[in-house]
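The following note sets out points for a colleague who is reviewing this model. It proceeds from single elements to the chain as a whole.

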Amino acid sequence: MSELTSTITAGNSVRTSNNISQWLTVAVLVYLLICAVSIIGGGFKMATGGHAKELFEFASNPFAGLVIGTVATALIQSSSTVTAIIVGLVAGGLPVSVAVPMVMGANIGTSITNTIVSLGHVKAKQEFARAFSAATVHDFFNLFSVLIFLPLEIAFGLLEKLGSMLAQLVYGGNQVSIDGFNFVKAATSPVVNNVKYALQSFGDQTGGIILIIFGIVLIFVSITIMGKLLKKLMVGKAKEIMHSAIGRSPLSGIFSGTMVTVLVQSSSTTTSLMVPLAGSGAFSLKQIYPFTLGANIGTCVTAVLAATAVTGNSEAALQIAFIHLTYNILGVVLIYGVPFFRYIPVNCAQWMGRKASENKMIALAYILCVFFIVPALCILVSNQFQ
């Protein structure tokens, strides 16, 4: 008996030791992610020599920015990676007005993962209808959000002003400025400055481009490994939170979706977890809907964290990170908060789920149209009126 107890104790000690080691690795990866965003900002500033605005003139068309964000996220399958890169580019001189549609597009592009996951249920008609509805409710919410907020942004610069106001609260006044006590920036500066110094011999343009590529690769590797580790460490707990939250109040669902996404650092993971549960009929579409909305809010944390430590145009970097956060919170408040709007995404998703289960080619056409063809047509049409 005492031998069995010793074996169990030894097993628990090994698991605890492994968990500590994995959490330390996650902490190092977060540190590298923040460094990488600063490296991209520094590289972009070096490479463009202060002419970033002219370089991104082609993306001044908001639809072009929207498509860049959508397609980049659909290809990389990580809105956290794309928004972190955008924050780095803004720190290096990319105009905030050009970056706003890009972060909106990142929201749309990230939902392609759920849609692909739902295809795993394609053999059973009813199951596929439920799974495809659960996947596309995220799409329809994000598309509806763009339809409301992109015109407001183009006409009044609504999100840009809100983001600026929030960034000024942090950077604007001497009494509240984080510049004097930003320990995150102080901790990352040695790595960022040493990497820049090592590449100075390549000249501004070549060295800047190498820095940008290095930063993007570092972000991609950090988020990928961090996502895998966090899944291993947290997905069991995430499922527990999800099961205890779904079916309770909508606020509980939204809050839990936010927290689970912060824990696993991926809205795609959070929302993809729900697709099989909805497909099996364990939860209804209306039950998982608030959880999906919370995932949109939770995914903004990475960019906000990274933006606090960038060098260069740090206030603008924080502004675009706050714009992403504000956009997602306002989307939930307006669309879910107003009863008239609340179930439009759910009704659209249920209709699409039924159609796709009757004809599987509709599912393929939907993916191609939403993520690639319609955005490209929007660019062509808008260019005709410029």
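1. Helix H3 agrees with the expected span: its 15 residues should cover 21 Å at 1.5 Å a residue, and its end C-alpha atoms are 21 Å apart. The expected span is 1.5 Å times one less than the number of residues. Helices (H or I, at least four residues) and strands (E, at least two) are DSSP runs, numbered from the N terminus. The buried residues of H3 are Ala64, Gly65, Leu66, Val67, Gly69, Thr70, Thr73 and Ala74. Buried means under 20% relative accessible area, exposed over 50%, and partly exposed in between (1.4 Å probe, protein chains only).

2. The basis of these statements should be kept in view. The model is predicted: local features need pLDDT of at least 70 and side-chain atom pairs count only at pLDDT 80 or more, whereas totals for chains, interfaces and linings use all residues. Residues are numbered from 1 along each chain as its sequence is written, and side-chain values use heavy atoms, with hydrogens and water left out.

3. Which elements give two or more residues to the nonpolar surface patch? The patch, of about 940 Å², is made by Leu75, Ile76, Phe220, Met361, Leu364, Leu368, Phe372, Ile373, Leu377 and Leu380. Helix H3 (62–76) and helix H18 (360–384) are the elements in question, and H18 gives the most, with 7 residues. Leu368 lies in H18 and is partly exposed, with a relative accessible area of 40%. Patches are made of residues with over 30% relative accessible area and no salt bridge; like charges are joined within 9 Å, and nonpolar side chains (Val, Leu, Ile, Met, Phe, Trp, Tyr) within 5 Å. A salt bridge is a side-chain nitrogen of Lys or Arg within 4 Å of a carboxyl oxygen of Asp or Glu.

4. Helix H13 is mostly covered, with 12 of its 14 residues buried. H13 reaches 20 Å from its first C-alpha to its last, close to the 20 Å expected. Thr292 is found in this helix (residues 285–298) and counts as buried at 2% relative accessibility. Thr292 and His138 are 154 residues apart in sequence, yet their C-alpha atoms are 6.5 Å apart in space. Beyond its neighbours within four places in sequence, Thr292 is in contact (heavy atoms within 4.5 Å) with Val137, His138, Thr271 and Met274.

5. Thr261, in helix H11 (residues 250–264), is buried at 0% relative accessibility. Residues up to four places away in sequence aside, Thr261 touches Ser266, Ser267, Thr270, Ala295, Gly298 and Thr299.

6. Is Gly157 buried or exposed? Gly157 is buried, with a relative accessible area of 13%, and lies in the loop between helix H7 (125–156) and helix H8 (158–171).

7. The largest nonpolar core has 96 residues, of which Val87, Met104, Ile219 and Ile320 touch the most other members. Such a core is a set of buried Ala, Val, Leu, Ile, Met, Phe, Trp, Tyr and Cys residues joined through side-chain atoms within 4.5 Å.

8. For the protein overall, there are 18 helices and 0 strands, and 52% of the 386 residues count as buried. Residues 24 or more positions apart account for 82% of the contacts with a separation of 6 or more. About 17400 Å² is exposed, with carbon and sulfur atoms supplying 68% of it; accessible areas come from the Shrake-Rupley method with a 1.4 Å probe, and for residues only the protein chains shown count as cover.
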